[in-house]
Amino acid sequence: MKTCIPAILAGMALSVLLIPLSGQERISMSNSGFELAFDRRGMTSICSPRDTFRANGLEIGSRFGDIEVLYKIAEGDWLNIYTGGRERSYDSVNNRVEYEDYETGMPVSMRQIFKLDDNALDWTLRLETKMQFPMTIGDLMIPFNWNKPFDNRQIDIFENSYTKHHFIAGDASFLYFTKPSGNPPFLVITTKKGTGLEYFSSEGRSGYRMHVCSGKSGMEEQRGTWRQEHTFIDLDAAGGEESFREFGLRFHWAFSYDEIREILYREGLFDIRVVPGMSLPSDLTATFSLHTRNVIDSIVPEFPGETNLFYLGETRPGHFLYEVSFQRLGENMLTIYYNGREKTILEFFSTEPLETLVKKRSEFITQNQQHRDTSKWYNGLFSVYDMKNSVLRGPDNTDGFDHWWGYVLACDDPALCKAPYVAAKNVWFPDDREIESVEYYLEHFVWGGLQRTDKEDPYPYGIHGVPNWKVSRDPAGRAGTGNYNLDKMKIWRSYDYPHIFMLYYHMYQIAKFYPDKVHYLDAAGYLERAYQTARAYWIYPYEVLPWYETYKIGCYNELVILDIIEALEDEGEKEKAGFLRQEWEKKVKYFVYDDPFPYGSEYSIDRTAFESSYALAKYGVENEMKPDRELWYDKNLKKWHSHPEVSQSDSRAFMERQHFAGLAVRGWLEPKYFLLGSDFTISSDSHCMSYMAKMGGWSILDYGIHYSDHPWDWLQLGYASYLSSWALMNSGNEISGYGFWYPGKENDGAMGWAFMSSKYGRAWIRKDVPRGAWYYDGEADLGLGATFRMARTVLAEDPLFGWIAYGGTLSKDKNGYSVIPRDGVRNKFSVISEKQRISLSMDRDGFAKEKPVIISGTLDKLSFSIENRAGEAHELKLLIQTDPGRKIRLAHNNRNIAPAVKGNARVATLKLTTDKNDVVVYTGF
């Protein structure tokens, strides 16, 4: 039954009654910005009329309005507010819905008001005592559940569901929700004055709660730590001065990230930017901007005596800049006090210098995480380390990782990612002991065990999968861990292959650069293994078990195939290079043309895709591919894929689409070290800041450096992504206890798998974990492997921060700029300004340690010294990328070098001496 409001006669004052409605009637309320639905107890959906795909809008899983309040009177029990008699009223003229929970005899009432205006949906909650009893509120929880991307239909996963981002930080808290497609609109929830959020709790895929106060639940949870105070709210008896409190949220639709930032500013919160990131090495400084209308009273460091904090001024109206650095390793909090009584927080993490971390992690893996026992089938295995118990786990010491779960210890991503990281590190910083460790692993664990040899038929070079190669090769053992596909050889997991061909490729580099340091295979032998493993990657999984659609899913580290192609071409192996290229181009075309949302991986929505999706787009932008007919047959869809028209502009358009889709599963506006630049899948509550922080972060940084017309946001986010997951590393010195997460010299160099942002939670590896780094390393080294394609120092002319150095220290004078690279590897350098972009990268060695790269004030001359890390004379290739039309001149030790053309870049071959290697690069028109 509809309730009608009678027309108001002209000239009469508007007088509207709130009309009580029957409990079952549903209400729709809308204007130009919102479409809302309510049932008898609260709001059930919120849509934007401008949303092209608003089939369901953002559906509130258990409705918004089921507020949970726990109170007690005197020394009584904790009780819930009675909500069984909830009354609802509707004012259709003023777009207002009210709910009230109160009956005579109740000590407290709860009223909720939903008011829709042109710009936002305003929600107010009023709690008021009704008897002569003061009371204490122990928990005020606001549940918010939404349609998550678990549907089987692709369009619903990517356009009719959302991922959650939140900044739970006192009075300046906010949330926003993004579609996995990356397309707008974005739902933004801001707090009103007097409504701070201090805590959150969640239960699996549902049950997310924002806590205005959390004194009871937060203090009862003694496990784990929390960075904000768990508080209570006191109410006077009825009629008292403080017998009621009002709280509120505002809901907004935004259509860009800049618009979200503007909403935060407009609503009296903070739009915060931090460079270079919030996981900050102790030898670098950070600058942050507070864009706000608030009056900042003070910013107080958690450790004043070990923090340097300086106010730099209001560089643009409403933008207040500060510089900070930390001497104390580990978590560091800044508390911002404003408007006399409000506060919010910024959470940083201080690490050791990046180069220390890079080297220390590799050393720890080879010295503490390798099993060496010739009587064991897993001799040579690099396995996972348990920081909590300071022990190396393995097949005979499982900590519950048994049967199928044994993959954590001896194969799959947790175990296979370690050797590739060590190998990659030794390309840049060779160490005899570490290289020997990797070769021992290859000889005793990989070849003929994990990997089928070239003599094993069928499927030579295949990689055996879960739970380990011993079980995978044993039919009876397999039958004990799985109940289907037992008729097929278990070599089908596409994701396993890139670990191994990446490892072989880096060993090829080591053997080529430092031939006296390898003893298992020579450079040609390693390159052949890399090729054959990459070839098997394209063929075996899809042939054995077509569910593994290698052409359709993003697999981490598969972009190394492009390096293998280049190496094969350099070595004269044109036919082998051609095979890998044709397979790679099949995948490029699939991602660009054949799937509107090619962002799945092992799951329908998975942050894992966003390294590959960018690498594939970049290839399509930089290489002219040919049209085709019936390129490959899709066994699952039972169709041929054809591409009658192919253009580089199509790949460029896909590059943009995948970039914004990647932001849906990455922290961008949330200024906490474990959120800014961090990866997650649906929400960051129990699993964030994992391997894709760096791997997907590489795509954002590279996009900003080379492609974006407005690179500043992506330099900020990309570099924050690079720095973020270093906070998972347990490292330090004697003063810091050799590690923040699990102190002790025996754990110095250990690593956390991912980050638990809840106070205490259940990780998906079936371990209960306190807030912080998980105590197993697992897949973390997969992300660290991306260090060596991502690490670079960037001098940028940011429109807000001015000239800054990402990953380095900057000094300026009248002649130009001087930057000391401290990015961890020291082999890449970029200058990004509105006038010019130039990037340098070396195929080995690096910029001299603690010596500056000097850039002229006109940005057309770069001078630097190269560090010879081999200790003997050898050749180095220097790649130079700059704006189209610029000419490149180069001198090495005062000798002019003519660079050769390489695609859109130039490459110069330098003959390094063991003495000095000074280089000058000139750019001009």
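The following exchange asks how the terms used for this predicted model are justified.

Reader: What should be known about the model before the terms are used?
Author: This is a predicted model in which local features need pLDDT of at least 70 and side-chain atom pairs count only at pLDDT 80 or more, while totals for chains, interfaces and linings use all residues. Residues are numbered from 1 along each chain as its sequence is written, and side-chain values use heavy atoms, with hydrogens and water left out.

Reader: Why is serine 612 called buried?
Author: Buried means under 20% relative accessible area, exposed means over 50%, and partly exposed is in between (1.4 Å probe, protein chains only). Serine 612 has a relative accessible area of 1%, so it is buried.

Reader: What makes the stretch around serine 612 a helix?
Author: Helices (H or I, at least four residues) and strands (E, at least two) are DSSP runs, numbered from the N terminus. Serine 612 lies in one such run, helix α15, residues 609-622.

Reader: Which residues is serine 612 in contact with, leaving aside its neighbours within four places in sequence?
Author: Contact means heavy atoms within 4.5 Å. With those neighbours left aside, Gly554, Cys555 and Glu558 are in contact with serine 612. The side chain of serine 612 also reaches the backbone oxygen of cysteine 555 at 3.1 Å.

Reader: What makes the link between glutamate 159 and asparagine 183 a polar contact?
Author: A polar contact is a pair of N or O atoms within 3.5 Å; within protein, one must be able to donate a hydrogen and the other to accept it, and residues adjacent in sequence count only if both atoms are side-chain atoms. The side chains of glutamate 159 and asparagine 183 are joined at 2.6 Å. Glutamate 159 lies in helix α1, residues 154-159, and is buried, with a relative accessible area of 2%. Not counting residues up to four places away in sequence, glutamate 159 touches Phe53, Lys179, Ser181, Asn183 and Phe597.

Reader: Which backbone oxygens does the side chain of threonine 191 reach?
Author: One belongs to aspartate 171, at 3.3 Å, and another to serine 173, at 3.2 Å. Threonine 191 is found in strand β15, residues 186-191, and counts as buried at 4% relative accessibility.

Reader: How do you know whether methionine 695 is buried or exposed?
Author: Its relative accessibility is 0%, so methionine 695 counts as buried. Its place is in helix α17, residues 692-706. Among the residues that methionine 695 touches are Tyr556, Leu782 and Arg789, not counting residues up to four places away in sequence.

Reader: Why is helix α7 described as largely enclosed by the rest of the structure?
Author: In helix α7, residues 418-428, 11 of the 11 residues are buried, so the helix is largely enclosed. The buried residues include Lys418, Lys425 and Trp428.

Reader: What makes a set of residues a nonpolar core?
Author: A nonpolar core is a set of buried Ala, Val, Leu, Ile, Met, Phe, Trp, Tyr and Cys residues joined through side-chain atoms within 4.5 Å. The largest has 210 residues, of which Phe288, Phe348, Met507, Ile564 and Leu580 touch the most other members. Apart from it lies another core, of 51 residues, among them Phe64, Trp123, Tyr208 and Ile682.

Reader: What makes an empty space a cavity?
Author: On a 1 Å grid over the protein atoms alone, a cavity is a set of points where a 1.4 Å probe fits but cannot get out; lining residues have an atom within 4 Å of a point. Grid points are joined across faces, edges and corners, and a volume is the space filled by probe spheres set on the points. The whole structure holds six cavities of 30 Å³ or more, and the largest has a volume of about 110 Å³. It is lined by 14 residues, of which Phe200, Trp226, Glu347, Lys672 and Phe674 lie nearest its centre.

Reader: How do the residues of that lining divide?
Author: Ala, Val, Leu, Ile, Met, Phe, Trp, Tyr, Cys and Pro count as nonpolar, Asp, Glu, Lys and Arg as charged, and the others, Gly among them, as polar. On that basis the lining of the largest cavity has seven nonpolar, three polar and four charged residues.

Reader: Why is arginine 766 called partly exposed?
Author: Arginine 766 has a relative accessible area of 35%, so it is partly exposed. It is found in the loop between β34 (755-762) and β35 (768-773).

Methods
1 Å grid on protein atoms, 1.4 Å probe; cavity = no way out; pocket = protein on both sides within 12 Å on 5 of 7 lines; lining within 4 Å.
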